[in-house]
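Trainee: Could you take me through the sheet of this model in detail, strand by strand, and then look closely at one residue within it?

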Amino acid sequence: MADRALRGMQIGAKSLETEDGIVFADRSQKRYQCENGHIFSVTMSVDAEPPATWECKCGAPAEFLGETEPEETKPPKPVRTHWDMLLERRSEEELQVLLDEQLEVLRRGELRDGVAYRR
């Protein structure tokens, strides 16, 4: 019975706690370059003192280059509604014709499940 109570739950893999009310520490990107020419960045706390060397993925020691400059944030895209996307594909006149056709099919009583009405 106890086996079924937790069916589908990956114990230990996911936390059931939310991130509500948690204030994350300010972070910055620290850049390093290894002797093989790989440049990479490591995220650290703003208060942390970056070490002079860091191990690259290739195994070679990498020297500290400095902090990466924060990227400028792009302005958010305007929200597109379903109506906006529909108007990108059809004009209002075309939509009115389609509506009139479908209302006529409905009025004739020909509307049934699983039947395609447009030909």
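Mentor: Two strands are taken to pair if DSSP finds at least two bridges between them, and the elements themselves are DSSP runs numbered from the N terminus, with helices being H or I runs of at least four residues and strands E runs of at least two. The model is predicted, so local features need pLDDT of at least 70 and side-chain atom pairs count only at pLDDT 80 or more, while totals for chains, interfaces and linings use all residues. Residues are numbered from 1 along each chain as its sequence is written, and side-chain values use heavy atoms, with hydrogens and water left out.

The chain holds three helices and four strands, which follow one another along the sequence in the pattern α-β-β-β-β-α-α. An open sheet of four strands has the order β2-β1-β4-β3, and its pairing is antiparallel. Because β2 (39–45) and β3 stand at the edges with a single partner strand each, one side of each is left without a neighbour in the sheet. On average, and with direction ignored, neighbouring strands of this sheet are turned by 45° against each other, where the axes are lines fitted to C-alpha atoms, for helices over the stretch in contact, and angles run from 0 to 180 degrees between N-to-C directions.

Strand β1 (residues 27–34) is joined to strand β4 (residues 61–67) by five bridges, and the two run antiparallel; in this pairing K30 stands opposite E67 of β4. Strand β3 (residues 53–55) also pairs with β4 in the antiparallel sense, over three bridges, and here T53 has E63 as its bridge partner, while W54 is partnered by A62. β3 and β4 form a hairpin with five residues between them, and in the turn G59 has a positive phi of about 100°.

For the closer look, S28 has its place in strand β1. S28 is buried, with a relative accessible area of 12%; buried means under 20% relative accessible area, exposed over 50%, and partly exposed in between, with a 1.4 Å probe and protein chains only. Leaving aside neighbours within four places in sequence, S28 is in contact (heavy atoms within 4.5 Å) with V42, T43, M44, S45, V46 and E67. The side chains of S28 and K30 are joined by a polar contact of 2.9 Å, a term for a pair of N or O atoms within 3.5 Å of which, within protein, one must be able to donate a hydrogen and the other to accept it, residues adjacent in sequence counting only if both atoms are side-chain atoms.
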